[in-house]
Amino acid sequence: MALAVIRTPSIEQWKPLQKQPLPAGRPREWYVTHNRRLKAMRLAIALLDAGVYIPSRATNAKIRTTAVQLGIHPPSDTTCHMVRALIRYGR
């Protein structure tokens, strides 16, 4: 038996979470990888919102164009590969 739930929108305005500093004492490579994952997630979400659901349609050019539209520095080939992986495994 299916049950439909109707949700009313929240009255409170959405506000982003407050950023917290990254933990100190890690090797530099950890910070590079962490920031690369965050960038890849942001780009994957933007592409999914734009209707790109298939990794083969997320070309490097498309990902870099999306980054420019979001105001993010254009990603490297490695980050573009991570974006496609996120789109692929999110299905």
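This briefing describes the helices of a single chain, with most attention to helix 2 and its packing. The structure is a predicted model, and its chain contains three helices and zero strands, which gives the pattern α-α-α when read along the sequence. Of the 91 residues in the chain, 22% are buried.

**The chain as a whole**

- The chain exposes about 7,900 Å², and carbon and sulfur atoms supply 58% of that area.
- Among the contacts in the chain with a separation of 6 or more, 57% are accounted for by residues 24 or more positions apart.

**The two sides of helix 2**

- Helix 2 spans residues 60-70, and within this stretch Ile 63, Thr 66 and Ala 67 are buried. These residues lie on the same side of helix 2, because the arc they cover around the axis is only 105 degrees.
- An α-helix has 3.6 residues a turn, so residues three or four places apart point the same way.
- Ala 61, Val 68 and Gln 69, by contrast, are exposed and are found on the other side of helix 2.
- The buried residues of helix 2 pack against two other elements, namely helix 1 (28-49) and helix 3 (77-89).
- Helix 2 is followed by Gly 71, a residue with a positive phi, near 85 degrees.

**How helix 1 meets helix 2**

- Two packed helices are described by the angle between their axes and the distance between the axes.
- For helix 1 and helix 2, the packing angle is about 100 degrees and the axes are 10 Å apart. Because angles of 65 to 115 degrees count as roughly perpendicular, helix 1 and helix 2 are described as roughly perpendicular to each other.
- By class, the residues in the contact of helix 1 with helix 2 comprise six nonpolar, one polar and two charged.
- On the side of helix 1, the residues involved are Arg 42, Leu 43, Ala 46 and Leu 47, and they meet Lys 62, Ile 63, Thr 66, Ala 67 and Leu 70 in helix 2.
- Ile 63, Thr 66 and Ala 67, which take part in this meeting of the helices, are also the residues given above as buried in helix 2.

**The loop between helix 1 and helix 2**

- Ala 50 is located in the loop between helix 1 and helix 2. Ala 50 counts as exposed because its relative accessible area is 59%, where the cut-off for exposed is over 50%.
- Ala 50 and Thr 66 are 16 residues apart along the chain, and their C-alpha atoms are separated by 9.3 Å. Of this pair, Ala 50 is exposed, whereas Thr 66 is buried.

Note on methods
Residues are numbered from 1 along each chain as its sequence is written. This is a predicted model: local features need pLDDT of at least 70, side-chain atom pairs count only at pLDDT 80 or more; totals for chains, interfaces and linings use all residues. Side-chain values use heavy atoms; hydrogens and water are left out. Buried means under 20% relative accessible area, exposed over 50%, partly exposed in between (1.4 Å probe, protein chains only). Helices (H or I, at least four residues) and strands (E, at least two) are DSSP runs, numbered from the N terminus. The arc is that of the directions from the helix axis to the C-beta atoms. Contact means heavy atoms within 4.5 Å. Axes are lines fitted to C-alpha atoms, for helices over the stretch in contact, and angles run from 0 to 180 degrees between N-to-C directions. Angles under 35 degrees count as roughly parallel, over 145 as roughly antiparallel, 65 to 115 as roughly perpendicular and the rest as oblique. Ala, Val, Leu, Ile, Met, Phe, Trp, Tyr, Cys and Pro count as nonpolar, Asp, Glu, Lys and Arg as charged, and the others, Gly among them, as polar. Accessible areas come from the Shrake-Rupley method with a 1.4 Å probe; for residues, only the protein chains shown count as cover.
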